[in-house]
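Me: I would like a close look at one part of this protein. Please take it step by step, in plain terms.

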Amino acid sequence: MDEDFSEIVVIYAEDEDMFRDIASMSLLDMNIPEENLELVEHGGEALAAIERIQSTRSRATPIIVLLDVNMPVMDGMMCAKKVKERVKSGQLAWEPFLVCCSSGKFVNPEEGANFHVTMEKIFSKGQLSKVLAEGVSWCRKQASAAGVSPGSTKGSGSSSAAGVLLGGGYAAPSAGAVQGGYAPPSAGAVQAPRVENVSERPKIMIAADEPTCSAALAAYLSMLDDEEPAEADTLEDTLTALTEAQTESPSAPLLLFVGNPAWLKQIQAGRFEARPPFLVNASVEDHLAGFNANLPKNYRQSDVERVIKECQEWYQKRRK
């Protein structure tokens, strides 16, 4: 990674545990120190965090705030508006770089006017790195315009962080599993390795009619590869995608995460001899027969890496 993010502070406001946990892994993987990452549950906590950080850090510190749009108490759009108002009134010492994280679109341009940039809620490493670099550049230009020369970003006060800073009573991600088809990252779960052997990297597809299943898998996969997986939310779309994949790079493995086990028989009945899919059960019903591999009910990133490798090995054996 060319860009150095070790001196920046990131505040991430998200009310859903799953997205907060997954994003924290991506941010830590960008070499952002744990003491420079604060996770909060709504815009009100993000505002408080900005004020607190500015009281303990120098003006040279780039502060990047990632805001989800839909949150209780105070949503991301209201938080961004209040940040602008407080900077103007002098309640905030300087303006942080504001990032809108959303899978939807603004109702009108005015709603997005207070953000500096918009990013997908489920972001890839490449997207995150680009946004952070843009934020650092913008913050440094603003500091320079204010007569602050680059240097140490440490303030005279001491940070209130102990590990990852958390607001609103949210507990830090633990190594224990969480119900609902995913597990939070452990303290050492950073530096996710990419799938090796690019020529054998599988085309990955997600077939699920449950949005949470697709979101969790897509987020984990984004940390392994910048290429987004293809997604289908109906059986018909899944069969169509598999048919189209038969003529695309037939030598590359084809991996299909299946979120609805009821679709298995019809998928198996399809004529996919040219490029048979490696079928992985990604539902909450683990250890089901008929699949090439099963993700455990409370799977982790390492489980996703495992089935990708199993898919590669399976294809290699079929070629012999």
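What is the order of the five strands in the open sheet, and is the pairing parallel or antiparallel?

Reply: Please keep in mind that this is a predicted model. The open sheet has five strands in the order β8-β7-β9-β10-β11, and their pairing is parallel. At the edges lie β8 and β11 (293-294), each of which pairs on one side only.

Now take β7, which covers residues 203-207. In the sheet order, β7 stands between β8 and β9. With β8, strand β7 pairs in the parallel sense over three bridges. One contact to look for here is Met 205, whose bridge partner in β8 is Ala 230. With β9 (residues 254-258), strand β7 also pairs in the parallel sense, over five bridges. On that side, Lys 203 has Leu 254 in β9 as its bridge partner. Strand β7 is mostly covered, as four of its five residues are buried.

From here, move to the loop between α5 (211-222) and β8 (230-232), where Glu 228 is found. Glu 228 counts as exposed because its relative accessible area is 56%, and the cut-off for exposed is over 50%. Glu 228 also belongs to a negative surface patch. Other members of this patch are Glu 120, Asp 209, Glu 210, Glu 231, Asp 233, Glu 236 and Asp 237. Of these, Glu 231 falls within the residue range of β8, 230-232. The edge strand β8 therefore supplies a residue to the patch, by the residue range that defines the strand.

Note on methods:
Residues are numbered from 1 along each chain as its sequence is written. This is a predicted model: local features need pLDDT of at least 70, side-chain atom pairs count only at pLDDT 80 or more; totals for chains, interfaces and linings use all residues. Side-chain values use heavy atoms; hydrogens and water are left out. Patches are made of residues with over 30% relative accessible area and no salt bridge: like charges are joined within 9 Å, nonpolar side chains (Val, Leu, Ile, Met, Phe, Trp, Tyr) within 5 Å. Accessible areas come from the Shrake-Rupley method with a 1.4 Å probe; for residues, only the protein chains shown count as cover. A salt bridge is a side-chain nitrogen of Lys or Arg within 4 Å of a carboxyl oxygen of Asp or Glu. Lys and Arg count as positive and Asp and Glu as negative; His and the chain ends are not counted. The place of a charge is taken as NZ of Lys, CZ of Arg, CG of Asp or CD of Glu. Helices (H or I, at least four residues) and strands (E, at least two) are DSSP runs, numbered from the N terminus. Buried means under 20% relative accessible area, exposed over 50%, partly exposed in between (1.4 Å probe, protein chains only). Two strands pair if DSSP finds at least two bridges between them.
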